[in-house]
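Student: Could you take me slowly through one part of this model, and then show me where it sits among the rest? I would like a single connected account rather than a list.

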Amino acid sequence: MKILIVGGGMGGTILANNLARRLKGELKSGKARITMLSASDQHMYQPGLLYVALGRMAVDELYKDQASLLEPSIEFHVDPVEEFNLDNKQVKTKSGKTIDYDMIVIATGCRAVPEEIPGLAENSINVYTEEDALNFYRTISSFEGGRVVIAVGVPHKCPMIPPELTFTLYDYFKDRGIIDKVSFHYTYPIGRLHSLEPVSNWMQGEFAKRGVTSETLFNMKEVDGANKIVKSEEGTEAAYDLLVAVPAHKGMEVVEDSKLGAGGWVPVDRNRLNIDGYDNAFAIGDTTNIPISKAGSTAHFEAEALAENIASIIKIGIPARDYDGKVFCFIEAGKDQATYAMFNYNNPPDPKPPTKSVHWFKMAYNQLYWASARGLL
Amino acid sequence: MAERKLIDARGTYCPGPLMELIAGIKLIEVGDEVEVLSSDKGSGHDIPEWVNKVGHEIVSIEDVDGVWHVVVKKAK
């Protein structure tokens, strides 16, 4: 049984390690083989980019060698896939190889596409790549005051980032002693401040305390950099001195080029995670079109369920359990307060008021993450 | 004949049915339609509010046993 995992991010790595432990005997006897293909020899802790952008984490802390995170029984190659052929059970890689498999898991993630809104990439800051996070920090470091506008594209990775950016930036400027020279204007695509209603209700009170103004039903259409105005699809405008963007995201180009899904999102069964029309092909994490949060925890919980299922299929011919839609998201509510939202397909979230202890747990998780990636936590 | 894309957002809380519609409508051609299934009670109000404000068209909206079926035509 040749199992191919494409993508060495959080989902692919947790899946590979979990599966390798469950199939220890099969891997040893040669009955099963796990191969991972990734675009990089480095593994990035993506949530750390927020802290890099605020000058609270060094870039070095974001990375570990991917090979060091994987069980030794996993064959790891830096050789990204350039074409998927699910009907022939084959992929073609950048190095020119054709690789056959019996089962495949696609975990290639997604990417911010600020370039799809005219004027956005060159006139805003965001936190979605190492370069962008460093540029973010350089920009806010030299900002001396004015109107900060937060603008949010759809869909985006990490649904908690719009409030987190607002609250942490507020505290950043407060600590720099210039908060009286800075005003905040928060925009959001739907008719409230956050997709989760309890989070939106909490944000309303926090915004009132800080004097943060807001506009809902605001979907970016274009940015006029010369006049420092962001315009919405709904026909309104917001003037800015500093434009903080949460750009819209798309799946990876290779997914779209292989015609696996519009926008690069792979259609899968929301419980079994198999790609529509295939029993031996799966997708997890940001790669899927499941209408739930694009977040590391989603990839983590999907990877655990899928590892159990693939191991069970190999051992006894049937899967073990459904993925239940579980998501867990920390919400940084400033520099030293945080809360969290946890929910699944059947149970809505009920976030509690932020506390210092949850913030410090999040700080600890920034280190514990590496145990998660190894499939230990 | 307009093509119709289905977004089954039943039982999902974040990003939620309206956000899924906003994302999904970017992926279809002008004149094509999206049908959103939502178990969020607010969808009967908040989806038409956005669709009307941005200038698309509500083709039909129906509550079937607690699930909203909202069909939207992309107008621009």
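Tutor: Happily! First, a word on naming: helices (H or I, at least four residues) and strands (E, at least two) are DSSP runs, numbered from the N terminus. Please keep in mind throughout that this is a predicted model.

With that numbering, a small example is A:Lys89, which lies in the loop linking β6 (81–85) to β7 (90–93) of chain A. A:Lys89 is not a glycine, yet its phi is positive, at about 55°. With 17 other C-beta atoms within 10 Å, A:Lys89 counts as partly exposed. We will meet a second backbone of this kind later on.

Now to the part I would like to look at closely, the sheet around β1 of chain A. This open sheet has five strands, in the order β5-β2-β1-β9-β19 (chain A), and they pair in parallel. At its edges are β5 (75–78) and β19 (281–283) of chain A; each has a single partner strand, so one side of each lacks a neighbour in the sheet. Ignoring direction, neighbouring strands of this sheet are turned against each other by 15° on average.

Let us start from β1(A), residues 2–6. Four of its five residues are buried, so the rest of the structure largely encloses this strand. One neighbour of β1(A) is β2 (residues 33–38) of chain A, joined to it in parallel by five bridges. Within that pairing, A:Lys2 faces A:Arg33 of β2(A). Another neighbour of β1(A) is β9 (residues 103–106) of chain A, again running parallel, with four bridges. Here A:Ile3 has A:Met103 in β9(A) as its bridge partner.

Moving outward past β2(A), we reach β5(A), and these two strands also pair in the parallel sense, over four bridges. A:Leu37 pairs there with A:His77 in β5(A). Helix α1(A) packs on this sheet, where it touches β1, β2 and β9 of chain A, and its direction makes about 165° with that of β2(A).

Which helix does α1(A) itself come up against? The answer is α10 of chain A. Two packed helices are described by the angle between their axes and the distance between the axes. The axes of α1 (residues 10–22) and α10 (residues 296–316) of chain A come within 8 Å, crossing at roughly 30°. Angles under 35 degrees count as roughly parallel, and α1(A) and α10(A) are therefore roughly parallel to each other. The crossing is right-handed.

On the α1(A) side, the residues that meet α10(A) are A:Met10, A:Gly11, A:Ile14, A:Leu15, A:Asn18, A:Leu19 and A:Arg22. Among their counterparts in α10(A) are A:Gly296, A:Ala299, A:His300, A:Ala303, A:Leu306 and A:Ile310. By residue type, this helix contact is made of 10 nonpolar, four polar and three charged residues.

Away from this sheet, A:Thr187 is worth a stop, in strand β12 (residues 182–188) of chain A. A:Thr187 is buried, with 22 other C-beta atoms within 10 Å. Leaving aside residues up to four places away in sequence, A:Thr187 touches several others, including A:Val149, A:Ile150, A:Glu215 and A:Phe218. By contrast, 36 Å separate the C-alpha atoms of A:Thr187 and A:Leu377, which are 190 residues apart along the chain.

Here is the second backbone I promised: A:Leu217, also not a glycine, has a positive phi of about 50°. A:Leu217 sits in the loop between β13 (213–216) and β14 (220–224) of chain A. A:Leu217 has 21 other C-beta atoms within 10 Å and is buried.

Two cis peptide bonds deserve a look as well. One joins A:Val154 and A:Pro155, with omega about -5°, and A:Pro155 falls in the loop between β11 (146–152) and α7 (161–175) of chain A. The other lies in chain B, between B:Cys14 and B:Pro15, with omega about 15°; B:Pro15 belongs to the loop between β1 (4–8) and α1 (17–25) of that chain.

Finally, how do the two chains meet? In chain A, 24 residues are in contact with 19 residues of chain B. The chain A side of this contact divides into 15 nonpolar, seven polar and two charged residues.

Note on methods:
Residues are numbered from 1 along each chain as its sequence is written. Chains are lettered from A and ligands numbered from 1 in the order in which they are written. This is a predicted model: local features need pLDDT of at least 70, side-chain atom pairs count only at pLDDT 80 or more; totals for chains, interfaces and linings use all residues. A residue is buried if 20 or more other C-beta atoms lie within 10 Å of its own, exposed if 12 or fewer, and partly exposed in between; C-beta atoms are placed from the backbone. Two strands pair if DSSP finds at least two bridges between them. Axes are lines fitted to C-alpha atoms, for helices over the stretch in contact, and angles run from 0 to 180 degrees between N-to-C directions. Angles under 35 degrees count as roughly parallel, over 145 as roughly antiparallel, 65 to 115 as roughly perpendicular and the rest as oblique. A crossing is left-handed if the near helix is turned anticlockwise from the far one by less than a right angle, and right-handed if clockwise. Two residues are in contact if their C-beta atoms, placed from the backbone, lie within 7 Å. Ala, Val, Leu, Ile, Met, Phe, Trp, Tyr, Cys and Pro count as nonpolar, Asp, Glu, Lys and Arg as charged, and the others, Gly among them, as polar.
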